[in-house]
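Hi,

Here is the structure I said I'd pass on. Have a look at it first, and then read on for what turned up.

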Amino acid sequence: MPEPSGYEYFKDCSAVKEQRTEAEQKRDEEKAWSSGDWFGKRTWLLLFFGLVVLSTFFAILSLIIVSVKVSGMYSEMKELQDKLMLQDSQFKGNVPEEGQRNQMAGELSKLKTLVFEELQKTQGNMTDLNSKLKLEMFEELQKTQSNMTDLNSKLKLEMFEELQKTQSNMTDLNSKLKLEMFEELQKTQSNMTDLNSKLKLEMFEELQKTQSNMTDLNSKLKLEMSAELQKMQGNMTNMISKLKLGNCTCSECPSGWIWFNLHCYYFTTNSGSWHFAKGQCNAMDSHLVVINSAAEQSFIKREGAPERYWIGLSDSETEKMWQWADGSDYRSTPKFWARGEPNNAGNGEDCAHIDKNGYWNDNGCDTRFRWICEKSLA
Ligand code: MAN
Ligand code: CA
């Protein structure tokens with residue numbers, strides 16, 4: 001029994017549908033008439049119907065396409081089958097005999113030879129081509145090498161020139177640098193020389209100052225040492241004298257008197273005229289000091305300075321006839337007058353005294369001075 005076509009099927013379905021829709025339509029129309037919404041229901045119905053028609057159309061179209069394709073494939077398959085069948089029958093029916101096979105083998109060997117010759121020719125051509133190619137490449141390489149050599153030479157030349165320039169620049173720079181360094185060194189040397197001169201000057205000045213200070217110090221030291229030495233010398237002389245005396249009846253100087261060379265000396269603190277002083281010394285079993293030696297003068301000078309003291313020397317009896325108080329000969333004793341003395345100044349000066357500087361001066365006998373008494377221990 002033949003299958004119903006798509007159209008018939010569709011016809012049947014639409015018939016059923018039509019039957020169902022007519023019944024439903026009647027019902028709906030009744031409902032719509034009764035409910036009063038007839039326009040809305042109809043629109044929905046039309047839309048639904050359109051959709052059904054469209055889907056049916058697309059279904060038929062698909063079916064046609066599928067059937068066309070299937071029939072094409074089927075015819076192709078059929079053709080292939082026919083070909084195969086033909087080949088099979090040819091193969092089965094045309095099995096070559098031995099003579100034919102030998103002929104075919106001969107043809108085949110000829111073919112092989114031909115192919116081999118062709119291959120050999122091709123190989124020969126290839127070899128030629130290869131040789132040509134090699135030659136060309138060699139030539140190209142030689143050219144490239146030559147170009148490279150040229151380039152290298154050019155580069156070398158350029159580099160050499162550049163190096164020469166750089167070398168020249170470096171030499172210039174070096175010369176400049178040397179010059180600058182030389183100038184700087186000269187400046188530094190000059191500065192050093194100036195500094196050296198200044199330093200020398202300062203050192204010389206400092207040395208001069210130090211030398212002067214040293215000289216002052218030396219003078220002071222000499223003076224102090226000389227004084228000290230004189231004292232020591234006096235003391236030593238006294239001690240020697242004491243020792244020399246040995247068994248003599250020696251006695252010490254009275255209290256307040258100073259011992260020197262076996263003599264005692266009294267330096268007063270009160271003052272009076274020369275004659276008053278002379279009387280005072282005599283009253284103390286002594287006389288105004290008589291200076292018989294340089295050592296004694298030094299002792300008097302040292303102990304008396306810087307006061308003025310009457311000494312036992314006067315020319316009150318005869319002008320310029322100086323006499324010592326103990327009768328010692330004025331002519332044989334050393335003199336220690338100050339410069340320009342005795343000058344008998346003013347109304348006359350007949351009495352001698354130790355001045356502030358330690359040397360002698362003649363002065364008016366009534367002048368009030370301190371005095372020095374002396375007595376021997378021998
Ligand atoms: C000065 C000098 C001395 C003199 C006194 C008198 O010092 O002329 O010679 O004895 O004066 O005061
Ligand atoms: Ca005088």
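I'd start at helix α4, whose buried residues have β3 (287-288), β4, β6 and β8 among the elements covering them. Before going further, please keep in mind that this is a predicted model.

The buried residues of α4 are W274, A277, K278 and C281. They sit on the same side of the helix, because the arc they cover around the axis is only 100°. That fits the usual helix geometry: with 3.6 residues a turn, residues three or four places apart point the same way. Turn to the other side of α4 and you'll find G279 and A283 exposed. After the helix comes D285, which has a positive phi near 55°.

Now zoom out for a moment. The chain has five helices and eight strands, and in sequence order they read α-α-α-β-β-α-β-α-β-β-β-β-β. Of its 378 residues, 12% are buried. If you take the contacts between residues at least 6 apart in sequence, 62% of them link residues at least 24 apart.

Back to the inside. The largest nonpolar core is made of 27 residues, and L288, V289, Y309, W310, I311, W371 and I372 have the most contacts within it. Two or more residues each come from β2 (263-267), α4 (274-283), α5 (294-304), β4 (309-314), β6 (351-354) and β8 (370-376). Strand β4 gives the largest share, four residues.

W310 is a good residue to click on. Leaving out residues up to four places away in sequence, W310 touches W274, A277, L288, C351, H353, F369 and W371. Two of those names, W274 and A277, are also on the list of buried residues in α4. H353 is the bridge partner of W310 in β6, and β4 and β6 run antiparallel, joined by three bridges.

So what about β6: which of its residues are buried on each side? C351 and H353 are buried on one face, A352 and I354 on the other, and both faces are covered. In a regular strand, side chains do alternate between the two faces of the sheet.

Strand β6 also pairs with β7 (residues 360-363), again antiparallel, through four bridges. One pair to look for is I354 with W360, its bridge partner in β7. Five residues lie between the strands of this hairpin, and G358 takes a positive phi near 95° there.

Then there is the ligand. Around ligand 1 you'll see E341, N343, A345, E349, N361, D362 and N363. By type, that shell splits into three charged residues, three polar ones and one nonpolar.

One last spot, on helix α3 (residues 98-245), is A227. Is A227 buried, exposed or partly exposed? A227 counts as partly exposed, because it has 13 C-beta neighbours inside 10 Å, and the exposed class stops at 12. A227 also comes within 9.0 Å of S298, C-alpha to C-alpha, with their positions 71 residues apart in sequence.

If you only have a few minutes, I'd look at W310 and its contacts, then at the shell around ligand 1.

Cheers

Technical notes:
Residues are numbered from 1 along each chain as its sequence is written. Chains are lettered from A and ligands numbered from 1 in the order in which they are written. This is a predicted model: local features need pLDDT of at least 70, side-chain atom pairs count only at pLDDT 80 or more; totals for chains, interfaces and linings use all residues. A nonpolar core is a set of buried Ala, Val, Leu, Ile, Met, Phe, Trp, Tyr and Cys residues joined through C-beta atoms within 7 Å. A residue is buried if 20 or more other C-beta atoms lie within 10 Å of its own, exposed if 12 or fewer, and partly exposed in between; C-beta atoms are placed from the backbone. Two residues are in contact if their C-beta atoms, placed from the backbone, lie within 7 Å. A residue is near a molecule or strand if its C-beta atom, placed from the backbone, lies within 6 Å of it. Ala, Val, Leu, Ile, Met, Phe, Trp, Tyr, Cys and Pro count as nonpolar, Asp, Glu, Lys and Arg as charged, and the others, Gly among them, as polar. The arc is that of the directions from the helix axis to the C-beta atoms. Two strands pair if DSSP finds at least two bridges between them.
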